[in-house]
Amino acid sequence: MSNSVIPQDWGSYTAVEHATWDTLFARQVSMLATRAAPAFMEGLDVLRMSKPGIPDFEELSQRLQRATGWSVVAVPGLIPDAEFYDHLANRRFVAGRFIRTPEQHDYLQEPDVFHDVFGHVPLLANPVFADYMQAYGQGGLRSMQYGSIHRLARLYWYTVEFGLIRDGAGLKLYGAGIVSSNSESAYALDSDSPHRLGFDLQRVMRTEYRIDDFQQNYFVIDSFEDLLETTLETDFAPVYRQLESLPDIEISEILPSDRVITRGTQKYAAERRSRRGA
Ligand SMILES: [Fe+2]
């Protein structure tokens, strides 16, 4: 099932490509020092990701193997769901090998090596998050027989990609889509526009999301242990059946049952809409 894997061909990266990584890396590390979950910063350290240049997946995998048994493999782009889940279930993280051009520093349509490796890999050095990612892959394989991939995809979106986590009295970032984006790293914590809601598995699986702009909702977990436990203890089959009969929740809707941490103004999204003339 793992036939999309390609060689990273590390030797073929140009000096400009390595320099692009270094620029993005330096900018994000200074942005994230006070904003990212401590486990993310520890992962950068354990994996020695501050070494200059685009990481060599083989070397990175050796360190990751020692930490949690995960490895990183290159793929040409988006791959079929079943294969993606199979990789995760076997503790392999799939990453794009290309890097954005210097002109594309802030906006990208497709995930590149900076998003995939800088954004996702540090947390894979954390034993609890590493187990969560594997459990997600196993759950993904099972979800296929229930036709519920889109519901499980929302769980990935609102945790792995755009999750926030409590840290003492404050919030920290851990989602890869946020930590690999300079502008969203600021917006997700500082803006009064988005809602920040307490994480609830079924609520998240009913919530639509946007792929073209900053998020309008963030879901906040209490800890990685909580996230892992909830995922392992939930019997997804009856949940999927139950969700069949419940409507999806619109992006910026707040329900009476929500644990509201901050109620956003949704001003940013409204302004973007009016500028687009919608
Ligand atoms: Fe991602």
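**Figure 1. The second largest pocket has a volume of about 150 Å³.** Of the 13 residues that line this second largest pocket, Lys51, Ile54, Pro55, Asp56 and Glu59 are the closest to its centre. Welcome to the first close-up; please keep in mind that the whole model is predicted. How do the residues of the lining of the second largest pocket divide by class? Seven are nonpolar, one is polar and five are charged.

**Figure 2. The largest pocket has a volume of about 1,400 Å³.** A total of 43 residues line the largest pocket, and the closest to its centre are Gln109, Pro111, His115, Trp157 and Glu161. Several elements of the fold each give two or more residues to this lining: α4 (81-89), β2 (92-96), α5, α7 (149-161) and α9 (182-190). Which element supplies the largest share? That is α7, with five residues of the lining of the largest pocket. Sorted by class, the lining of this pocket holds 20 nonpolar, twelve polar and eleven charged residues. Two names are worth remembering for the next view: His115 and Glu161, both among the residues closest to the centre of the largest pocket.

**Figure 3. The iron ion has His115, His120 and Glu161 as its protein donors.** Each histidine offers its NE2 atom, while Glu161 takes part through OE and is listed twice. The donors lie 2.0 to 2.8 Å from the iron ion. Along the sequence, the donor residues follow the spacing H-x4-H-x40-E. What kind of geometry does the site have, given angles of 51 to 133 degrees among its four donor atoms? The site of the iron ion is irregular. A tetrahedral site would need all angles to lie between 85 and 135 degrees, and the angles here start at 51 degrees. Are the two histidines buried or exposed? Histidine 115 counts as buried because its relative accessibility is 12%, and buried means under 20%. Histidine 120 is buried as well, with a relative accessible area of 5%.

**Figure 4. Two cavities of 30 Å³ or more are held within the structure.** Rolling a probe the size of a water molecule over the atoms shows where empty space is left. The largest cavity has a volume of about 40 Å³. Around the largest cavity sit Tyr187, Arg210, Asp213, Phe214, Gln215, Gln216, Tyr268, Ala269, Arg272 and Arg276. Which helix gives the most to this lining? Helix α13 (residues 267-275) does, with three residues. By class, the lining of the largest cavity has four nonpolar, two polar and four charged residues.

**Figure 5. The second largest cavity encloses about 30 Å³ of space.** Its lining is made of Gly119, His120, Leu123, Phe129, Val160, Tyr174 and Ala176. His120 may look familiar, since this residue is also one of the donors of the iron ion. Helix α5 (residues 113-124) gives the most to the lining of the second largest cavity, with three residues. Five of the lining residues are nonpolar, two are polar and none is charged.

**Figure 6. Histidine 195 is found in strand β5 (residues 195-198).** With a relative accessibility of 4%, histidine 195 counts as buried. What does its side chain meet? A polar atom of the histidine 195 side chain lies 2.8 Å from the backbone oxygen of serine 252. The side chain of histidine 195 also makes a polar contact with the side chain of glutamine 266, at 3.2 Å.

**Figure 7. Threonine 68 is found in helix α3 (residues 57-68).** Threonine 68 counts as buried, at 13% relative accessibility. Its side chain reaches the backbone oxygen of leucine 124 at 2.7 Å.

**Figure 8. Threonine 231 has its place in helix α11 (residues 224-233).** Threonine 231 counts as buried too, at 8% relative accessibility. How far is the C-alpha atom of threonine 231 from that of alanine 135? The separation is 7.4 Å, although the two residues are 96 residues apart along the chain.

Key:
Residues numbered from 1 in each chain as written. Predicted model: local features only at pLDDT ≥ 70, side-chain atom pairs only at ≥ 80, totals over all residues. Heavy atoms only, no water. Donors = N, O, S within 2.8 Å, 3.2 Å for Na, K, Ca; no water. Tetrahedral: all angles 85-135°; square planar, octahedral: opposite > 155°, others 65-115°. Buried < 20%, exposed > 50% of the residue type's maximum accessible area, 1.4 Å probe, protein only. 1 Å grid on protein atoms, 1.4 Å probe; cavity = no way out; pocket = protein on both sides within 12 Å on 5 of 7 lines; lining within 4 Å. Points joined across faces, edges and corners; volume = space filled by probe spheres on them. Helix = DSSP H or I, 4+ residues; strand = E, 2+ residues; numbered from the N terminus. Nonpolar A, V, L, I, M, F, W, Y, C, P; charged D, E, K, R; others polar. Polar contact = N/O pair within 3.5 Å; in protein donor to acceptor, adjacent residues only side chain to side chain.
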